[in-house]
Amino acid sequence: MHFNRAIFLLSGLHLLYFIGTYSVDLILRKYPTNKASDFKFRKYSEQVEENRSSLNKVSEGDKKKTNTFSEINGLPNATRRLQVNSHKYELLLNEPDVCRTISGKIEPIFLLVLMISSSENFEQRIRQRKSCLSIQNVSGKRVKSVFLLGNPGNKTIKDLIYKESAKYHDILMENFYDSYRNLTLKTIMGLKWASIYCPAAAYVMKTDDDVFINLTSAATYFEEIPSKSVMSGFLWPNSKPYRVRTSKWYLSRKEYSKDRFPKYLSGMCYVLSGDLPRRLFEESLSVPYLFLEDVYIGLLSERLHVSKLHSSKFLIQKTAYNFCTFRDAIAVHLYHPALVDTYWEKQLKMSISNSTCSQERK
């Protein structure tokens, strides 16, 4: 009797294992990666998790004797701490060669632009490519840009994104759902990608697709700030969480218990020194998720003791077009995002004609 029951239980376990394995296979088929090089990206997360598990099996004394994965193969130091926010999402679209030469070597990049975009914003991405992101060289220094997307969940939109990616080769997309509350995931994706595929970038800019960015002005500004452990943008020094449930930015005490946020830079646009993407990504693994992307980056940077520089060249208020304003700014939050390419052409024409601020036009 007991023997038959044991056989029955073992058969049930084998059946559950088969169903689980088959389900995983279906999921992987549903969300395939589009390039073999994505293996490196997935392996990164897998080794992070394996490292955490192995550390749980050794004593504190043994931990002190063991080299970190960072010292061995470039994996993050943060794996030695408890992970509460491991970023295990997979790239559905990757562009691993953006920061490489034709021969495959990592290319020194002056500025990498990570532009967050909603999956359905096809026209806005085209406008940005024709205007602000058309700049690939500033004063002889290389500039590269990619868009950060989540999975739209809609097959028609997803198929169009795949076609767009095949044409432009500038889209990164992971398999988390594309939504406002997942903006932080997009930024973490960008930081992780930059640390693996574009580690030689001197500066990294994170911005949104409704922003006019002036890379010439940015390049001049970078010469005035430190090149390590620094970030710059519009600084919010003493903000409070929204506790009203109807607010778009509502945070419960459970999500964030303190009465004030740390200093943080507006998520509209900010710039990081090239050493920070990896450090911020590593730190994110041990910091609970917060959907307010700019606040979350502020929390990470505070823990890392990163210098935050305020600059009036980052215009966070939605701004109407003005030649001098757009000429001097690094980033302008647009009243009419669809006109970003129109404004770009105006700036170009007026610059060529040597217009001065006394001749400004609206």
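This note goes through the surface patch, the largest pocket and the cavities of a predicted model.

1. On the surface, Y180, Y242 and W249 together make a nonpolar patch of about 310 Å². Of these residues, Y242 sits in the loop that runs between β8 (230–236) and β9 (264–273), and Y242 counts as partly exposed because its relative accessibility is 45%, which falls between the limits of 20% and 50%.

2. The largest pocket has a volume of about 1,100 Å³, and its lining is made up of 38 residues, among which Y180, L183, K248, W249 and D294 lie nearest the centre. Y180 and W249 thus belong to this central group and are also members of the nonpolar patch.

3. Several elements contribute to the lining of the largest pocket, with α7 (183–197), β6 (201–208), β9, α10 (293–303) and β11 (314–319) each supplying at least two residues, while β9 gives the most, namely 4 residues. Sorted by class, that lining holds 16 nonpolar, 10 polar and 12 charged residues.

4. Searching the whole structure yields 2 cavities of 30 Å³ or more, and the second largest cavity has a volume of about 30 Å³. The residues that line the second largest cavity are M231, Y264, L265, Y270, D294, I297, G298, S301 and K308; D294 is thus found in this lining as well as among the residues nearest the centre of the largest pocket.

5. For the second largest cavity, β9 and α10 each supply at least two lining residues, and the largest share, 4 residues, comes from α10. By class, this lining comprises 5 nonpolar, 2 polar and 2 charged residues.

Note on methods:
Residues are numbered from 1 along each chain as its sequence is written. This is a predicted model: local features need pLDDT of at least 70, side-chain atom pairs count only at pLDDT 80 or more; totals for chains, interfaces and linings use all residues. Side-chain values use heavy atoms; hydrogens and water are left out. Patches are made of residues with over 30% relative accessible area and no salt bridge: like charges are joined within 9 Å, nonpolar side chains (Val, Leu, Ile, Met, Phe, Trp, Tyr) within 5 Å. Accessible areas come from the Shrake-Rupley method with a 1.4 Å probe; for residues, only the protein chains shown count as cover. A salt bridge is a side-chain nitrogen of Lys or Arg within 4 Å of a carboxyl oxygen of Asp or Glu. Buried means under 20% relative accessible area, exposed over 50%, partly exposed in between (1.4 Å probe, protein chains only). On a 1 Å grid over the protein atoms alone, a cavity is a set of points where a 1.4 Å probe fits but cannot get out, and a pocket is an open set with protein on both sides within 12 Å along at least five of seven lines; lining residues have an atom within 4 Å of a point. Grid points are joined across faces, edges and corners, and a volume is the space filled by probe spheres set on the points. Ala, Val, Leu, Ile, Met, Phe, Trp, Tyr, Cys and Pro count as nonpolar, Asp, Glu, Lys and Arg as charged, and the others, Gly among them, as polar.
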